Amino acid sequence: MRASLVGTGYVGIVTGACFAHSGHDVIMVDNIKEKVDAINAGRSPIYEKGLEEMISEEVRRGRLKGTTNLREAVEFSDITFICVGTPALPDGSQNLAYVKAAAEEIGAAIEEKDIFHTVVVKSTVAPGTTLGTVKPILEQTTGKKAGEGFGLGMNPEFLKEGDALNDFLKPDRIVYGCVGEGAAKMLREIYAPFSAPVIEKDCTTAEMIKYASNSLLAARVALIDEIGNICKALGIDVRDVAAAAGMDRRIGPHFLHAGIGFGGSCFRKDVSALAWKGGELGVETPILSSVISQNDAQPLRIVQLLTSRMDVKGRRIGILGLSFKPGTDDIRDAPSIVVVRSLLEKGAKVVAYDPMAKENFSKLFPQVSYAKSASEVVASSDSVLVLTEWKEFADPSLYGNKPVFDGRGVTRTANYEGVCW
Ligand code: UDX
């Protein structure tokens, strides 16, 4: 099948490369020429394990290419995925400008085509957006009716950073919503190479499945963190509690790691967007709202622990781990941002190390010193906080007798405190 994808960010390029890898012909569209040139040169515009090798192989095989010309891409393909960003606005709602612009351009291109074309929203959009916002734009710009003159679908992604190729190629389930049989047929065809349960519903249900999934995952983390805070006050280890609770088949062992809270570009954004949508519909969302407030406060637990043991003013505090999780350079909504900001406000001097995220973090905190290794941080600080569970931070001998405060349960040292254990 010939597919075009608009947007070469995290979702777009992973999806495009994996579609090509699965035998489809893919053209990636972006208005940033550098990204398009990178793809055509077999390079990845983002960091994700294994992605660059896949792009390079599929470009070499002629299955994957990039262009800045959206009209050409729509002409070349039978189905177009909208994979542009939907940044959060301060009130939790979404900035849909990129989605709307893409829909308008795609609609104009379809208007010139006499072959049936399907448009699929893959960007994470609040429930009701595909039918309420994208559909009218496409009908207006094509002069055709959705489900008759063109196909319309909504196909959310469930990709974890650091494991995205696996998540795409071996999904737990494939979810999409459709307007009309034409879109359904094309989505069945493009996902035919994948062996996973397919959930085929309407577009709004598909949108909500994405938000429900992320909200349930985020709420699980926020709740085990809160239970962890009570365990800490009791002097017991939340990890013993989580392991035993997780043996209940209805609970399960995954996503019960208490620590300093969840980061990343999705959880906070998606939970806020769902709470906002609830509010717009006149539905109270106390739990969604408390997931956000609990998680916003959680990183400060490790600062409180540290300051309960020492006055940090004028002291050198070491930070190991800046990315929101191991395996990525991504610091979006990372707990390290809250922790470092608080330490600086308290007059501490901060020296930090992260295997990948230093460059991104130093743009936010140029006043922090950045070490070239974990041992350099330990040697040059009075106390050490571990904020990301990079494997290289696990070795207890790295720390000697230095006071260590562990936010992720990655190590256990001679002079040690855990945030929830
Ligand atoms: C998440 C969802 O997992 C994915 O399905 C969705 O498509 C995008 O958002 P991601 O944010 O990339 O993926 O990473 P994830 O592995 O889910 O971790 C998110 C955050 O939660 C990290 O900061 C991680 O440290 C934290 N976390 C995760 C916990 O604190 N405890 C846990 O048990 C699991």
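Helix axes are lines fitted to C-alpha atoms over the stretch in contact, and angles run from 0 to 180 degrees between N-to-C directions. The model described here is predicted. In these terms, helix 13 (residues 300–309) and helix 14 (residues 335–345) cross at roughly 35°, and their axes come within 8 Å. The crossing of this pair is right-handed. From helix 13, the contact draws on Leu 300, Ile 302, Val 303 and Leu 306. Helix 14 contributes Val 338, Val 339, Ser 342 and Leu 343. By class, the contact of helix 13 with helix 14 comprises 7 nonpolar residues, 1 polar residue and no charged residues.

Helix 14 also packs on strands. It lies across strand 9, strand 10 (349–353) and strand 12. Relative to strand 9, helix 14 runs at about 175°.

Strands 9, 10 and 12 belong to an open sheet of 6 strands, ordered 11-10-9-12-13-14. Pairing in this sheet is parallel. The edges are taken by strand 11 (369–370) and strand 14 (416–418). Each edge strand has a single partner strand, so one side of each is left without a neighbour in the sheet. Within the sheet, strand 9 (residues 316–320) pairs with strand 12 (residues 383–386) over 4 bridges, in the parallel sense. Across this pairing, Gly 318 stands opposite Val 384 of strand 12.

A second helix pair is formed by helix 9 (residues 203–234) and helix 10 (residues 238–245). Their axes are 9 Å apart, and the packing angle is about 135°. Angles over 145 degrees count as roughly antiparallel, and 65 to 115 as roughly perpendicular. Helix 9 and helix 10 are therefore oblique to each other. Their crossing is right-handed. On the helix 9 side, the contact residues are Ile 224, Ile 227, Gly 228 and Cys 231. These meet Val 238, Val 241 and Ala 242 in helix 10. The contact of helix 9 with helix 10 holds 6 nonpolar residues, 1 polar residue and no charged residues.

Strand 4 (residues 79–82) is covered on both faces. Ile 79 and Phe 81 are buried on one side. Thr 80 and Ile 82 are buried on the other. Strand 4 has parallel pairings with strand 1 and with strand 5. Strand 1 (residues 2–6) is joined to strand 4 by 4 bridges. Here Ala 3 stands opposite Ile 79. Strand 5 (residues 118–121) likewise pairs with strand 4 over 4 bridges. In that pairing, Thr 80 has Val 119 of strand 5 as its bridge partner.

Burial also extends through strand 7 (residues 174–179), where 6 of its 6 residues are buried. Ile 174, Tyr 176 and Cys 178 point one way from strand 7. Val 175, Gly 177 and Val 179 point the other way. The pairings of strand 7 include one antiparallel case, with strand 6, and one parallel case, with strand 8. Strand 6 (residues 151–154) is joined to strand 7 by 3 bridges. Met 154 stands opposite Gly 177 of strand 7. Strand 8 (residues 198–201) is joined to strand 7 by 4 bridges. Tyr 176 has Glu 200 of strand 8 as its bridge partner.

Key. Residues numbered from 1 in each chain as written. Predicted model: local features only at pLDDT ≥ 70, side-chain atom pairs only at ≥ 80, totals over all residues. Heavy atoms only, no water. Helix = DSSP H or I, 4+ residues; strand = E, 2+ residues; numbered from the N terminus. Left-handed = near helix turned anticlockwise from the far one by under 90°. Contact = heavy atoms within 4.5 Å. Nonpolar A, V, L, I, M, F, W, Y, C, P; charged D, E, K, R; others polar. Pairing = 2+ DSSP bridges. Parallel < 35°, antiparallel > 145°, perpendicular 65-115°, else oblique. Buried < 20%, exposed > 50% of the residue type's maximum accessible area, 1.4 Å probe, protein only.
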